[in-house]
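Colleague: Could you walk me through one buried spot in this model, side chain by side chain, and then work outwards from there? I'd like the cut-offs as you go, please.

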Amino acid sequence: SWGSFTVQPGQTLSVRFAARVSANAGTATYQNDAGATPVNRTVAYDFLGSTAEDVVVLGADSGLIAGVVFHDTDNSSSFDAAVDWPLSGVTVRFYDSTNTLVYEEVTDAAGRYARVVPVGTWSVQAGTGGIPAGLSLGGSYANPASVTVGAAQSAQADMGFVNPSAL
């Protein structure tokens with residue numbers, strides 16, 4: 001137990017932890033049973049509804065592809081949470097080197113997605129569902145994006161969409 005914390009309305013609490021991973025742990029994303037006891041009118045924390053407390057363990061035969069799909073409001077070619085808008089509910093597809101669809105993930109409320117994949121070259125593509133009408137892929141992004149993942153490595157594949165009429 002970490003003790004008791006009081007968080008005032010409109011405030012947040014961040015907790016950092018180190019995960020001890022057994023040498024026998026397989027490649028996977030492990031859910032931590034983090035929780036909070038609601039007091040008065042607070043809402044209980046649903047650890048199954050979030051990936052914030054998850055621990056990803058990568059083996060020698062796997063890697064992680066992660067990214068954010070967003071409306072690049074300032075056309076800066078990088079995600080800035082202060083000005084850009086994350087796009088939630090976008091289906092992100094992962095194709096292997098034979099162009100076979102292997103995985104699908106859906107972006108969360110922060111526009112983020114992540115997937116543990118076997119080592120190799122992958123094509124990562126954001127579907128058009130969930131992308132607001134009038135937005136198109138920003139000039140410095142590729143969709144699909146070609147991503148190479150090494151053993152126990154992670155690769156980032158962000159996709160920013162811009163409003164061409166606002167440029």
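Modeller: Let's start with Thr 107, which, beyond the residues up to four places away in sequence, touches Val 69, Leu 87, Ser 88, Gly 89, Val 90, Val 92, Arg 112 and Tyr 113 (touching, or contact, means heavy atoms within 4.5 Å). Before going on: this is a predicted model, where local features need pLDDT of at least 70 and side-chain atom pairs count only at pLDDT 80 or more, while totals for chains, interfaces and linings use all residues. Residues are numbered from 1 along each chain as its sequence is written, and side-chain values use heavy atoms, with hydrogens and water left out.

Thr 107 sits in the loop between β6 (101-106) and β7 (112-118). Strand labels like these are DSSP runs numbered from the N terminus (E, at least two residues, for strands; H or I, at least four, for helices). With a relative accessible area of 5%, Thr 107 is buried; the classes are buried under 20%, exposed over 50% and partly exposed in between, using a 1.4 Å probe and protein chains only. A polar atom of the Thr 107 side chain lies 3.0 Å from the backbone nitrogen of Gly 89, and the backbone nitrogen of Val 90 is 2.9 Å from a polar atom of that side chain. For polar contacts the rule is N or O atoms within 3.5 Å; within protein, one must be able to donate a hydrogen and the other to accept it, and residues adjacent in sequence count only if both atoms are side-chain atoms.

Two of the neighbours of Thr 107, Val 69 and Tyr 113, lead straight into the core. The largest nonpolar core has 21 residues, and Ile 65, Val 69, Phe 94 and Tyr 113 touch the most other members. β3, β5, β7, β8 (120-126), β10 and β12 (159-162) each give two or more residues to this core. By "nonpolar core" I mean a set of buried Ala, Val, Leu, Ile, Met, Phe, Trp, Tyr and Cys residues joined through side-chain atoms within 4.5 Å. Beyond four places in sequence, Val 69 is in contact with Thr 107 and also with Pro 86, Leu 87, Val 90, Val 92, Gly 111, Tyr 113, Ile 131, Met 159 and Phe 161.

Now the rings. There are four aromatic pairs, counted for Phe, Tyr and Trp (its six-membered ring) when centres lie within 6.5 Å; planes under 30 degrees apart are stacked, over 60 edge-to-face, and the rest tilted. Phe 70 and Tyr 141 have ring centres 5.9 Å apart and planes at 85°, so that pair is edge-to-face. Because Phe 70 lies in strand β3 (residues 62-71) and Tyr 141 in the loop between β9 (136-137) and β10, the pair ties together parts 71 residues apart in sequence. Phe 70 and Tyr 141 are both buried. Tyr 113 brings us back to Thr 107's surroundings. Tyr 113 pairs edge-to-face with Phe 94, at 5.9 Å centre to centre and 65° between the planes. That pair links strand β5 (residues 91-95), home of Phe 94, with strand β7, home of Tyr 113, across 19 residues. Phe 94 and Tyr 113 are both buried. There is also one aromatic cluster made of Phe 70, Phe 79 and Tyr 141.

Strands β5, β6 and β7 carry charged pairs as well. The count is two salt bridges, each a side-chain nitrogen of Lys or Arg within 4 Å of a carboxyl oxygen of Asp or Glu. In one, Glu 104 and Arg 93 have their closest N and O atoms 3.0 Å apart. Glu 104 is in β6 and Arg 93 in β5, so this pair ties together parts 11 residues apart. In the other, Arg 115 and Glu 105 also come to 3.0 Å between closest N and O atoms, and since Arg 115 lies in β7 and Glu 105 in β6, parts 10 residues apart are tied together. Glu 104 is partly exposed at 45%, as is Arg 93 at 24%.

For contrast, take Thr 148 in strand β10 (residues 145-149): at 58% relative accessible area, Thr 148 is exposed. Thr 148 shares the uncovered face of β10 with Ser 146, whereas Ala 145, Val 147 and Val 149 form the covered one. β10 pairs with β8 in the antiparallel sense over five bridges (pairing needs at least two DSSP bridges). Thr 121 stands opposite Thr 148, and their side chains are joined by a polar contact of 3.2 Å.
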